[in-house]
Amino acid sequence: MATLLIIFAKEPTPGQVKTRLAPHLTAEAAARLYESFLADILEEMGRLTGLSLALAYSPARARGFFTNLAPAGVSLWPQEGADLGERMARAFDRGFGAGFGPVLLRGSDTPDLPGAVVLEAAAALSAGRDQVALGPALDGGYYLVGLTAPRPELFRELAWSGPAVLQDTLERARRLALTLHLLPARGGIDSFNDLTAFLERGHPASTPGWRSDRLARELLVQRQANPEAADLATSHQGDNHID
């Protein structure tokens, strides 16, 4: 069977995405930056051979936006479910129901995630060595999860906004006797400190994350030139960590 990669994404609406970047970026700037994350991710993932791509988007009314954003051949699905765990479980069900396997799911907070990391997860699951692949995020969540078969019980009743999502998932996998492949730990971009760390890594043109790197630097220069334009919206902690 063919391997499917599902990208979880939100419509880049000002005030609805990357709110923890305030007051360093305005709501409009943060939304533009998140849209560049999506563009970088779709470009990098589109280069990978042996993978089919799907984009699970939110909210459901945003199909038109993602139809214009996604390249031809990328399947578009609305996210469905009451919480992050249910949305992920249903996305996996849809992927396996369409005849794919293994199925991988990644978030959109890691625009510079190398394609090689995704291929490592796909290879480990395709070889039959492991049943679950997880990419640990530095904030205690994970940026990627892959499965060889539907495992809705892996995502039920977890505290998705807390710092122990990864550890709780590892414990759940252990109790379910699932073999697991761990990918390298990586940081996503939620806070301004995360963005600073992202920029410190550096992203030359045509490498993963280059658009986001370039735009972030431009937006920060504009912010320094116009400090009165700061967005003073209060920050909040969102699901940890896949969008």
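**Stop 1: strands 1 and 2**

Select strand 1 (residues 3-10) and strand 2 (residues 51-58), which pair in the parallel sense over eight bridges. Strands and helices here are DSSP runs numbered from the N terminus (E, at least two residues, for a strand; H or I, at least four, for a helix), and two strands pair if DSSP finds at least two bridges between them. You are looking at a predicted model, in which local features need pLDDT of at least 70 and side-chain atom pairs count only at pLDDT 80 or more, while totals for chains, interfaces and linings use all residues. Residues are numbered from 1 along each chain as its sequence is written, and side-chain values use heavy atoms, with hydrogens and water left out.

Pick F8 and look across to strand 2: A56 stands opposite. Now follow the chain from strand 1 through helix 1 (residues 27-46) to strand 2; this β-α-β crossover is right-handed. To check the hand, point the strands away from you: the path from the first strand over the helix to the second runs clockwise in a right-handed crossover.

How many residues of strand 1 are buried? Seven of the eight are. Buried means under 20% relative accessible area, exposed over 50%, and partly exposed in between (1.4 Å probe, protein chains only).

**Stop 2: the neighbouring strands**

Add strand 4 (residues 103-106), which runs parallel to strand 1 and is joined to it by four bridges. Here I6 stands opposite L105.

Next, add strand 3 (residues 75-78), which is parallel to strand 2 and joined to it by four bridges. L55 stands opposite L76 in strand 3. The chain gets from strand 2 to strand 3 through helix 2 (residues 63-69), in a β-α-β crossover that is right-handed.

**Stop 3: the nonpolar cores**

Show side chains and select L33, V118 and L195. These have the most contacts inside the largest nonpolar core, which has 45 residues. A nonpolar core is a set of buried Ala, Val, Leu, Ile, Met, Phe, Trp, Tyr and Cys residues joined through side-chain atoms within 4.5 Å. Among the elements that each supply at least two residues of this core are strand 1, strand 2, helix 4 (115-126) and helix 7 (210-225). Which helix gives the largest share? Helix 1 does, with ten residues.

Zoom in on L195. Leaving aside neighbours within four places in sequence, L195 is in contact (heavy atoms within 4.5 Å) with L21, L25, L33, I189 and A216. A second, separate core of 29 residues includes A54, L84, V145 and F155.

**Stop 4: salt bridges**

The structure holds 13 salt bridges, each a side-chain nitrogen of Lys or Arg within 4 Å of a carboxyl oxygen of Asp or Glu. Start with D190 and K18, whose side chains meet at 2.9 Å, N to O. D190 lies in the loop between strand 7 (180-182) and helix 6, and K18 in the loop between strand 1 and helix 1, so this pair ties together parts that are 172 residues apart in sequence. Are these two buried or exposed? D190 counts as buried at 16% relative accessibility, and K18 is buried at 9%.

Then select E171, R174 and R175. R174 and E171 form a salt bridge at 2.7 Å, N to O; both lie in helix 5 (residues 165-175), three residues apart, about one turn of the helix. R175 and E171 form a salt bridge at 3.9 Å, N to O, and these two are four residues apart in helix 5. R174 counts as exposed at 56% relative accessibility, R175 is exposed at 51%, and E171 is partly exposed at 31%.

For a network, select D40, E43, E44, R47 and R211, which are joined by salt bridges that share partners.

**Stop 5: the two sides of helix 5**

Stay with helix 5 and colour V165, L166, T169, R172 and A173, which are buried. Look down the helix axis: these buried residues fall within an arc of 125 degrees (taken from the directions from the axis to the C-beta atoms), so they line one face of the helix. What covers them includes strand 5 (132-136), strand 6 and strand 7. On the other side, Q167, R174 and R175 are exposed.

Finish at A177, just after helix 5, which takes a positive phi of about 60 degrees.
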